[in-house]
Amino acid sequence: MSLQIDAVILAGGMARRMGGNDKGLVELNAQPMIKHTIDRIKPQVKGILINANRNQTRYAEFGFPVISDEDTGYLGPLAGMITAMGNTQADYLLIVPCDCPLLPTDLVSRMLTQVESQGAELAVASDGKREQPVVLLLKPSLRDSMKAFLDAGERKIDFWYAKHHCVVTDFSDQPNAFVNVNTPEQKQQLAEAIAK
């Protein structure tokens, strides 16, 4: 039996450090940032959802369902994850941010292998130095647990996954895979790195 794996790209934040610009739509080497992310993960999953709380029409142009947070008020990535878990029938859901244009092309296979071999509920990616708390592979059945955590006023996702059987998948062989873009300066550095 082959597993169904869907993905959600989180593009629902306020992007304060980008001057309030919608990060997923900021151009990087003549393409919106989210397009780089889509290109990286599309071959690895069955379906893609885009979580966005503004510019939904523009995001819909990429050809995937756009979902907005059920909980309004920009409650952070947890709100987008909870919404996505309620909108998939997949066995596993891959969660990635919209501003990581260099994600590993073997992200799903490596995380899934670890989750299955260790009987875990979810995996979090690591660049070898630190965990990447918004790059996760998890079972959508964890939705109720995450919702209760958010409803209790909690926001830090690493506190949430510490409560579950979580494995850390090491991508230290690809240390730049999780470089993300929070400022115009970082965008310029990344554009130069991709162009090389």
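# Notebook: around D99 and its neighbours

I began with D99, which I found in the loop between β6 (92-97) and α4 (107-117). Note to self: this is a predicted model. I looked D99 up because UniProt, in an unreviewed entry, puts a "binding site" feature there.

Is D99 buried or exposed? Its relative accessibility comes out at 3%, so I count D99 as buried, the limit being under 20%.

Next I asked what D99 is in contact with, leaving aside neighbours within four places in sequence. I got K23, M33, T37, V179, N180, V181 and N182. K23 rang a bell, so I went back to the record: the unreviewed UniProt entry lists L10, A11, G12, K23, N51, D69 and D99 for "binding site".

**The other listed residues.** I picked A11 and G12 from that list. A11 lies in the loop between β1 (5-10) and β2 (27-28), and G12 lies in that loop too. Are they buried or exposed? A11 has 3% relative accessibility and therefore counts as buried. G12 is buried as well, with a relative accessible area of 12%. Not counting residues up to four places away in sequence, A11 touches D22, N51, A52, N53, Y59 and C98. N51 is another name from the UniProt list.

**Strand β6, just before the D99 loop.** I wanted to know how many residues of β6 are buried. Six of its six are, so I wrote it down as mostly covered. Both faces are covered: I have Y92, L94 and V96 on one side, with L93, I95 and P97 on the other.

Then I checked which strands β6 pairs with. β1 and β6 run parallel and are joined by six bridges. In that pairing, L10 stands opposite P97; L10 is also on the UniProt "binding site" list. With β8 (131-138), β6 pairs in the antiparallel sense over three bridges. There I noted L94 opposite L137.

**Helix α4, just after the D99 loop.** Which residues of α4 are buried? I listed L107, V108, M111, L112, Q114 and V115. They cover an arc of only 165° around the axis, so they sit on the same side of α4. Looking at the face turned away from that buried side, I found the exposed residues T113 and S117.

What covers the buried residues of α4? My notes include β1, β6, β7 (122-126), β8 and β9 (166-170). So β6 turns up again here, next to its partners β1 and β8. Just after α4, I also spotted that G119 takes a positive phi of about 60°.

**A90, on the other side of β6.** Going back along the chain, I found A90 in the loop between α3 (77-85) and β6. A90 has 8% relative accessibility, so A90 counts as buried. Its contacts, leaving aside neighbours within four places in sequence, are Q4, I5, D6 and P140. I5 and D6 belong to β1, going by the strand's range of 5-10.

Last, I asked how far A90 is from L190. They are 100 residues apart in sequence and 33 Å apart in space, C-alpha to C-alpha.

**Where I stopped.** I have D99 buried in the loop that follows β6 and leads to α4, with A11 and G12 buried too. The strand β6 has its two faces covered, while α4 has a buried side and a face carrying exposed T113 and S117.

Methods. Residues are numbered from 1 along each chain as its sequence is written. This is a predicted model: local features need pLDDT of at least 70, side-chain atom pairs count only at pLDDT 80 or more; totals for chains, interfaces and linings use all residues. Side-chain values use heavy atoms; hydrogens and water are left out. UniProt positions are given in the numbering used here, feature names are shortened, and annotations may be inferred rather than shown by experiment. Helices (H or I, at least four residues) and strands (E, at least two) are DSSP runs, numbered from the N terminus. Buried means under 20% relative accessible area, exposed over 50%, partly exposed in between (1.4 Å probe, protein chains only). Contact means heavy atoms within 4.5 Å. The arc is that of the directions from the helix axis to the C-beta atoms. Two strands pair if DSSP finds at least two bridges between them.
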